[in-house]
Amino acid sequence: MKIAVIHDYADALRRTRAYPRLAGHEVTIHNDAYTDPARVAEQVAGSEALLLTQQRVPVTRSLVERLPALKFISQTGRNVNHVDLAACTDRGILVSAGGHDGASPYTTTGELAWALILASLRQLPYEVERLKQGHWHSTAGTRLYGSTLGVYAFGHIGSGVARVGRAFGMKVVCWGREGSTARAKAEGFEVAASRAAFFEEADVVSLHLPSNKETRGIVTADDLARMKPTALLVNTSRAPIIADGALVAALQKGRPGFAAVDVYEEEPVVGAKHPLLKMRNALCTPHLGYSEKASYENIYATGVEQLLAYAAGKPINVKNPEALSKR
């Protein structure tokens, strides 16, 4: 079977235990980051199967119509919101998308949130670069102990971030929907008196909301304007949960005073084409939250298992079984 693997940015698949299981198949791995659908069509052309890493590329009707040889898509993880399943079904393309075993992937994003918080408050990127240039330290950082951490959404990731904040001796205050705040209270965390108070009083606000129709733009320009000029906003979730353009405008006005972000409206961001990358009061990373070796082992194990099951004529984790009748 001819298999195309695209958007494997870190060249992670070939380093996993699952990769040798594809011996005997023709596997081509593409590591480059891009947004042009024409590149997808070019790299996948002639392949019977496609292995997708997370949700790095939209699989649209126009795209699948340009791939007449494609018969199977193996998606890492369960999320197929980026795949036009109806279009795949019409073209007889089977889509498999399963979960994964092993340690929870939620911890990796929480860990990155803390890396961003610490790097921002201690100005690590600036000081590291200055030291390489021959200079000694020239800034004064901000400690965590005694300051207030605001956690927006006490879910899988937010709860872990809150517990670490408590361990650092921070006052942890939570906000979110009723179920979220109920979980926070049950674990002994404080819930803000109001939404306004949540943003006004926090020294660090960490966002941990999923991206969907209900949460799009849920963090508004007014919310950001309430933050202290010394406050830090951290977003390791999804960019659309902040109102379009609101974060750049808020940073320009100085409330909050700093932001650390791992996610963007359109990804991948290539050619440094994002306004946050040009701002001195923003620390930006290229969506590293889930990019971690053990996580790749887990997601690619499922992806490879799905490929092998399809090759054996016994597909698993199928999302559109109707496609079988279209062949």
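A residue is called buried when its relative accessible area is under 20%, exposed when that area is over 50%, and partly exposed in between. The exercises below use this idea on a predicted model.

**Exercise 1. Decide whether Cys88 and Cys284 are buried or partly exposed, and find how many disulfides the structure holds.**

Step 1: Start with Cys284, which has 22% relative accessibility. This value lies between the two cut-offs, so Cys284 counts as partly exposed.
Step 2: Turn to Cys88, whose relative accessible area is 0%. That is under 20%, so Cys88 is buried.
Step 3: Now look for disulfides: the structure holds 0 of them.

**Exercise 2. Find which residues form the nonpolar patch on the surface, and place Leu118.**

Step 1: The patch is formed by Leu118, Val164 and Phe168. Together they have about 200 Å² of accessible area.
Step 2: Leu118 sits in helix 4, which covers residues 106–121.
Step 3: A patch residue needs over 30% relative accessible area. Leu118 has 33%, so this residue passes that cut-off and is partly exposed.

**Exercise 3. Follow Glu267: where does this residue lie, which patch does it join, and which residue follows it across a cis peptide bond?**

Step 1: Glu267 lies in the loop between strand 11 (258–261) and strand 12 (282–284).
Step 2: On the surface, Glu267 gathers with Asp244, Glu265 and Glu266 in a patch of negative charge. Its relative accessible area is 32%, which makes Glu267 partly exposed.
Step 3: A cis peptide bond joins Glu267 to Pro268, with omega about 0 degrees. Pro268 is in the loop between strand 11 and strand 12.
Step 4: For another cis peptide bond, go to Arg255 and Pro256, where omega is about 5 degrees. Pro256 belongs to the loop between helix 10 (246–253) and strand 11.

**Exercise 4. Compare Ala272 and His287: what is the phi of each, and is each residue buried or partly exposed?**

Step 1: Keep the background in mind: most residues other than glycine have a negative phi.
Step 2: Ala272 is not a glycine, yet has a positive phi of about 55 degrees. For His287, phi is also positive, near 50 degrees.
Step 3: Place them both. Ala272 is in the loop between strand 11 and strand 12, while His287 is found in the loop between strand 12 and helix 11 (293–311).
Step 4: Check their accessibility. Ala272, at 46%, counts as partly exposed, whereas His287, at 13%, is buried.

Notes. Residues are numbered from 1 along each chain as its sequence is written. This is a predicted model: local features need pLDDT of at least 70, side-chain atom pairs count only at pLDDT 80 or more; totals for chains, interfaces and linings use all residues. Side-chain values use heavy atoms; hydrogens and water are left out. Patches are made of residues with over 30% relative accessible area and no salt bridge: like charges are joined within 9 Å, nonpolar side chains (Val, Leu, Ile, Met, Phe, Trp, Tyr) within 5 Å. Accessible areas come from the Shrake-Rupley method with a 1.4 Å probe; for residues, only the protein chains shown count as cover. A salt bridge is a side-chain nitrogen of Lys or Arg within 4 Å of a carboxyl oxygen of Asp or Glu. Lys and Arg count as positive and Asp and Glu as negative; His and the chain ends are not counted. The place of a charge is taken as NZ of Lys, CZ of Arg, CG of Asp or CD of Glu. Helices (H or I, at least four residues) and strands (E, at least two) are DSSP runs, numbered from the N terminus. Buried means under 20% relative accessible area, exposed over 50%, partly exposed in between (1.4 Å probe, protein chains only). A disulfide is a pair of cysteine sulfur atoms within 2.5 Å.
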